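Biologist: I should like to go through this structure with you. Could we take it step by step?

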Amino acid sequence: MLGRRRVPDYSGDPADIRRAAIELLSRREHCAAEIRARLLARFGKEAPVEPELERLLAEGLLSDARFAETFVRAHRNKGHGPLRILRDLAQRGVASELAEAAVDPRSRDWQELARAWKERRFGAQPPASAGEWQRVARQLQQRGFSPDQVRFALSGRDRER
């Protein structure tokens, strides 16, 4: 069965599209672009997906802002930084204004999150050598933290910006 493409099962009834969209939304929050892509894959490119999406948006059942907030909370809890979260939201089709509002990359909380992740992974002491400092800094940057947040996490002392 691998490699077989699913045949669109659109019967011509818009209620099928709505039912499928609500089924997806009942599992977790999705952004409009995700729902659109899944519905088009399921029902085919000719299916009238846009009117149903607009209706779900108007009813408040589908919200990119709510999706962004949920996404940020989940990924923040995983120790991901704001740059990675912003990139992931953009890849999912969330508008940059909504993503920025949900993330607020200038918040001091991100510095504390970077420090907490560093301490959990490498201990509370500052790196002992330049090589260790670079290794830890690289890992923090890969998790999506900015250079300022990385410096704060590795400084070993509290300081105001």
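Biologist: At what angle do helix α1 and helix α2 pack?
Modeller: Please note that this is a predicted model. In it, α1, residues 14–27, and α2, residues 32–43, pack at an angle of about 130°. Their axes are 10 Å apart. That angle makes α1 oblique to α2, because it falls neither over 145 degrees, which would count as roughly antiparallel, nor between 65 and 115, which would count as roughly perpendicular.

Biologist: And which hand does the crossing of α1 and α2 have, left or right?
Modeller: The crossing in which α1 passes α2 is right-handed.

Biologist: Which residues meet there, in α1 and in α2?
Modeller: From α1 come Asp16, Ile17, Ala20, Ala21, Leu24 and Leu25. They meet Ile35, Arg38, Leu39, Arg42 and Phe43 of α2. By class, this contact has eight nonpolar residues, three charged ones and no polar ones.

Biologist: Let us step back. How many helices and strands does the protein chain have?
Modeller: The chain has nine helices and zero strands. Its pattern along the sequence is therefore written with helices throughout, as α-α-α-α-α-α-α-α-α.

Biologist: What share of the residues is buried?
Modeller: Of the 161 residues in the protein chain, 39% count as buried.

Biologist: Which residues have the most contacts inside the largest nonpolar core?
Modeller: They are Ile85, Leu89, Val94, Val103, Leu140 and Phe145, in a core of 22 residues. At least two residues of this core are supplied by each of α4 (64–77), α5 (82–91), α6 (96–103), α7 (109–122), α8 (130–142) and α9 (147–155). In general, nonpolar side chains in soluble globular proteins tend to be buried together.

Biologist: What does Val103 touch?
Modeller: Leaving out residues up to four places away in sequence, Val103 touches Val72, Pro82, Ile85, Leu86, Leu89 and Trp110.

Biologist: Which residues are among those of the other core?
Modeller: That core lies apart from the largest one and has 14 residues, including Ile17, Leu25, Ala32 and Leu53. Ile17 and Leu25 also belong to the contact of α1 with α2.

Biologist: A change of topic: where is Ser146?
Modeller: Ser146 is in the loop between α8 and α9.

Biologist: Why is Ser146 counted as buried?
Modeller: Its relative accessible area is 18%, and buried means under 20%, so Ser146 qualifies.

Biologist: How far is Ser146 from Arg106 in space?
Modeller: Their C-alpha atoms are 9.8 Å apart, although the two residues are 40 residues apart in sequence.

Definitions and conventions. Residues are numbered from 1 along each chain as its sequence is written. This is a predicted model: local features need pLDDT of at least 70, side-chain atom pairs count only at pLDDT 80 or more; totals for chains, interfaces and linings use all residues. Side-chain values use heavy atoms; hydrogens and water are left out. Axes are lines fitted to C-alpha atoms, for helices over the stretch in contact, and angles run from 0 to 180 degrees between N-to-C directions. Helices (H or I, at least four residues) and strands (E, at least two) are DSSP runs, numbered from the N terminus. Angles under 35 degrees count as roughly parallel, over 145 as roughly antiparallel, 65 to 115 as roughly perpendicular and the rest as oblique. A crossing is left-handed if the near helix is turned anticlockwise from the far one by less than a right angle, and right-handed if clockwise. Contact means heavy atoms within 4.5 Å. Ala, Val, Leu, Ile, Met, Phe, Trp, Tyr, Cys and Pro count as nonpolar, Asp, Glu, Lys and Arg as charged, and the others, Gly among them, as polar. A nonpolar core is a set of buried Ala, Val, Leu, Ile, Met, Phe, Trp, Tyr and Cys residues joined through side-chain atoms within 4.5 Å. Buried means under 20% relative accessible area, exposed over 50%, partly exposed in between (1.4 Å probe, protein chains only).
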